[in-house]
2 protein chains.
Amino acid sequence: MSIPIILTGFGNVGKAFVRLLVEKHEDCRIRYGLDFDLTAVVRRTGAWTAKKEGEFFTIADPAAEPMEASSGWASGMRFSDALGRARKPGVLVECTPSNWRTGEPQLAYLHEALDKGWSVAAASKGALVVDFKNLAAKARTHKLALKFSGATAAALPTLDVATISLAGAKLLSFEGILTGTTNYILSRLEQGMSFEAALKEAQAKGIAEPDPSMDVDGWDTACKTLLLANAAAGTEFTIKDVKVEGIRHVTAGALADARTAGHSLKLLGRFYDDAGKYRAEVKLTPVPPSHPLFRLTGTTKGIVFRTDTMGMVAVTDGKSDPRGTAAALLKDIINIYR
Amino acid sequence: MSIPIILTGFGNVGKAFVRLLVEKHEDCRIRYGLDFDLTAVVRRTGAWTAKKEGEFFTIADPAAEPMEASSGWASGMRFSDALGRARKPGVLVECTPSNWRTGEPQLAYLHEALDKGWSVAAASKGALVVDFKNLAAKARTHKLALKFSGATAAALPTLDVATISLAGAKLLSFEGILTGTTNYILSRLEQGMSFEAALKEAQAKGIAEPDPSMDVDGWDTACKTLLLANAAAGTEFTIKDVKVEGIRHVTAGALADARTAGHSLKLLGRFYDDAGKYRAEVKLTPVPPSHPLFRLTGTTKGIVFRTDTMGMVAVTDGKSDPRGTAAALLKDIINIYR
């Protein structure tokens, strides 16, 4: 079965996705009977569209050759135009750097794609944070898939486990290390480094963004927490419903207290049933050695679910880089068609 | 959507499944739009069949009232007869105590069910160990589901993660604590108890069977390892392909060596790519504190996957009792129809 794919956004994750598609194309045909056909790549400045099926191999290494130099590039071409050129609907792979306050430009892309019969595999969080309820309802109405493993901790299968592996169970709570950057910095603080030095090191290594506030102030964890809660427990949280704490002001005292108790200080995205009312928060939490997340240092992530019928289920590790995110996108696409 | 369900086997797991179905019936209707209708329960001595839709509520607590005393019980009724009475095909929930050398009686049930258009959610391993290749091919041909989360570590989502969450990735290896009984006994040995005393204690607690050889000689782990390998990596292993070691002969020396090194001795089901050839084995392995399985003591299980694109993914914990297995069966049924 041939599956048209349109990619929006061509930063590190978008590029990693194209590389992975080239690498895994033949394997996916053999193992899953799926023949992926990248028909367009849409950037802010224009779009590349394929002239014939299978042409995407010609942009196999977009890092080496700028996309704008590819044959098929049209300056100023918009998402709608690229969508209109596809033979039939397939999957929109959304990788634009989106804004979690407005959701744009992702929000417009997702709505238009779903309206036109395309399923979605998203790596960006913005639109989903802002408008999950309507997007999910639209996908349901049109019997399309709305997947976002790539937006909820990349290769760590948080969303799959929450919605597929725990199906039928009541979710009592979850708590997760959902942002690699903050865990990396906290690990360095525990080793005695100052916050400023740890942040600078993380930035030098490409772990933290030049503007680190999304991560270090807890917003990245908050977004992932609310996406998982809304998808797994049917809540309708917006970002205002999440009580958010960051790691800028971790005190030497808090670190010393944790160390004395043999605990490790983690920034957790937490979701729990508080006497019949679900709550979500991002909170610095000392974690004991017996806890499944204690072991996780550096950029490693993990999540612990508690349920009524399956007890506790913990999922940890998973590649935390553009290739890991690209692999999560590919997995979502495969699962849409199985 | 009304889903006919036939249950084969009515031991601890079968009973827990019926109780769970009663408990979750309304919730599944609301959350998933699925209306489960238990139409028959088949035992060796006969079968109970429903006279009208929704009647299964009358056997709501089968532990309190013997099934043979229920209205609808027919002595000597066979699986074929019960299958023939259903309005339409649905899901066979297979919970008989099966034999992993012959696969019977499960093997006959599974083939007949698939031949007649029923999907399968199995908690028994026997038939799958003996004949997975043909059963999987039959399910594919008839476009039916063959699920067996309940046979591969109950509430611990080994099969989901291997086949769904890691879709598209190449499985390089996995290693897991897949049998609660052996891990429980090993934990007690590490605390200084003798093998005989630890086994007796496990039997007294209902953790080990009266005949413990399936568990303590490594065969339970071997069966789960080969099922996961065959499902996730497309191998065609039979039990003869798995090199199996048990825990009867753990030496004081091995325990002391592990303790001195700060390691913990685990019985691991291992599957790995050995220079292009997949191998499977059950092996006593000293595990260091940094390993995701180190923390798991008592009956707690866990598995670590390694892949080319998603790195390492670890899944641990999950309820290890009849209710956890029942929850895994229910999950499989829900996922068949989503």
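Okay, quick definition before anything else: I'll say two strands pair when DSSP finds at least two bridges between them. Keep that in mind, and bear in mind too that this is a predicted model.

Let's begin with one pair in chain B. Strand β10, residues 264-274, is joined to β11, residues 277-287, by 11 bridges, and the two run antiparallel. If you want a spot to click on, try Gly269(B), which sits opposite Val282(B) in β11(B).

Now zoom out. How many strands does the open sheet have? There are 12, with mixed pairing. Reading across, the order is β9(A)-β11(A)-β10(A)-β8(A)-β12(A)-β13(A), then β13(B)-β12(B)-β8(B)-β10(B)-β11(B)-β9(B). At the edges you've got β9 (242-244) of chain A and β9 (242-244) of chain B, each with a single partner strand, so one side of each has no neighbour in the sheet. On average, neighbouring strands here are turned by 15 degrees against each other, ignoring direction.

What lies across those strands? In chain A, helix α6 (residues 180-190) lies across β8 and β10, running at about 135 degrees to β10(A). Then there's helix α9 of chain A, residues 219-233, lying across β8, β9, β10 and β11 of that chain, at about 140 degrees to β11(A).

Right, the middle of the sheet. β13(A) and β13(B) run antiparallel, and 5 bridges join them. One partnership to look at is Thr316(A) with Ala314(B).

On to the contact between the chains, which takes 34 residues from chain A and 34 residues from chain B. On the chain A side, the elements giving two or more residues are α1 (12-32), α5 (158-165), β13 (312-317) and α11 (322-336). The largest share comes from α11(A), with 7 residues. By type, that side of chain A splits into 18 nonpolar, 9 polar and 7 charged.

Why do I say the copies meet through the same surface? Because 100% of the interface residues of chain A are also interface residues in chain B.

Last bit, the symmetry. A turn of 180 degrees with a shift of 0.0 Å along the axis lays chain A on chain B, with an RMSD of 0.0 Å. So the two copies are related as by a two-fold rotation axis. And which C-alpha of chain A is nearest the axis? That would be the one of Val315(A), 2.2 Å away from it. Val315(A) falls within the 312-317 range of β13(A), so we're back at the strand that bridges to β13(B).

Key:
Residues numbered from 1 in each chain as written. Chains lettered and ligands numbered in written order. Predicted model: local features only at pLDDT ≥ 70, side-chain atom pairs only at ≥ 80, totals over all residues. Helix = DSSP H or I, 4+ residues; strand = E, 2+ residues; numbered from the N terminus. Axes fitted to C-alpha atoms, helices over the stretch in contact; angles between N-to-C directions. Contact = placed C-beta atoms within 7 Å. Nonpolar A, V, L, I, M, F, W, Y, C, P; charged D, E, K, R; others polar. Least-squares fit on C-alpha atoms with pLDDT ≥ 70 in both.
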